[in-house]
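Dear colleague,

I am handing over the structure below, and I would be glad if you looked through it with my notes beside you.

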Amino acid sequence: MTEPLFDTIAVIGLGLIGSSVARGVKSRGLARRLVGYDVSEEVRARSSELGFCDDVAATPEAAAAGADLIVVAVPVGATAKAVEAIATHLKEGAIVTEVGSVKAAVIRQVLAVLPAHASFVPGHPIAGTEHSGPDAGFAELFDGRWCILTPCERSTDEAVAKVTALWRGLGSAVEIMTPEHHDIVLAITSHIPHLIAYNIVGTASDLEQVTSSEVIKFSAGGFRDFTRIASSDPVMWRDVFLNNKQAVLEVLGRFTEDLAALQRMIRWDDGEALLELFTRTRAIRRGIIEAGQDTPEADFGRPHGHEE
Ligand code: NAP
């Protein structure tokens, strides 16, 4: 049997991402011991029942004390607070990492509370679902996905190597980039798509000439896929937009310009321009499938047969 990568890992925040990390660490033997903590008493009780931690601590201090690696998996707006709560209990040489969907703002906030004897490796697994909470997690969530690490002034080479080994152990491929670049890339690939989904579902629910029962009945026309994204955790996404303000507004500026151009193409019957754009976007979808980031099944693989 191979040696575990870490002696003790603490996971702070036992929702979708934290409980998936915990499950993956346990099932792949990446730590000798895994301790969990969540601010919610209900989540702590449920996590104990589900049994994906060796121990669920009653306080953040108790979870972090003695841990070699602390994985903070709470909403972006609560990350620095969670690090502050464990700061004086971190052991000498402990590595703190986190999984937030925004990097530059989180790094700034965490560096202000991180004690001198610990190192910090910010990260973001590009994997998730629209579900949250400890029941939503699963060990294979990160399999075949990317994890982006955005080292900062408190990331030692050794700590980056160890956190890289953790994500590889969980089945992910690791890419390193600057926090600012991460925030722009994710603004276009994740944050703006979520904003569009929240917006279109909001518009549909406000549209007076269309009844809400029609919106539901005829949703397979494309709307349904937006509703899946727009059902994502409200707290998580509020924090993403408030903390990635600059990149989101920058990309949103480009997006609204392009939308205005589309509006013009429709108004002036410019079918050629519409066709050119829709052909170009089809190729992007093919690229995603070829890269193994989605399956080619029609309608996202939804079952359509009449199974008895
Ligand atoms: P989640 O399922 O809502 O879990 C977050 C958990 O953290 C909740 O149980 C929450 O408790 C708890 N929490 C909040 N503040 C805390 C604190 N100070 N100390 C300890 N626990 C605390 O959210 P998630 O989807 O796992 O997201 C966690 C992080 O991963 C976020 O930063 C998000 O940006 C990032 N991320 C998410 C996805 C995704 O698809 N969901 C993908 C990649 C990265 P309460 O509910 O009681 O507040």
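I begin at Gly51, which follows helix H2 and has a positive phi, near 75°; helices here are DSSP runs of H or I with at least four residues, and strands are runs of E with at least two, numbered from the N terminus. Please keep in mind that this is a predicted model, in which local features need pLDDT of at least 70 and side-chain atom pairs count only at pLDDT 80 or more, while totals for chains, interfaces and linings use all residues. Residues are numbered from 1 along each chain as its sequence is written, and side-chain values use heavy atoms, with hydrogens and water left out.

Which residues of H2, residues 41-50, are buried? They are Val43, Arg44 and Ser47, where buried means under 20% relative accessible area and exposed over 50%, with a 1.4 Å probe and protein chains only. Because these residues cover an arc of only 100° around the axis (taken from the directions from the helix axis to the C-beta atoms), they lie on the same side of H2. Glu41, Glu42 and Glu49, on the other side of H2, are exposed.

Turning to the ligand, 27 residues surround it, a residue being near when one of its heavy atoms lies within 4 Å; Leu16, Ile17, Asp38, Val74 and Ser101 are the closest. A polar side-chain atom of Ser101 lies 2.6 Å from an oxygen atom of the ligand, and a backbone N or O atom of Leu16 lies 2.9 Å from an oxygen atom of the ligand.

With best wishes

Definitions and conventions. A polar contact is a pair of N or O atoms within 3.5 Å; within protein, one must be able to donate a hydrogen and the other to accept it, and residues adjacent in sequence count only if both atoms are side-chain atoms.
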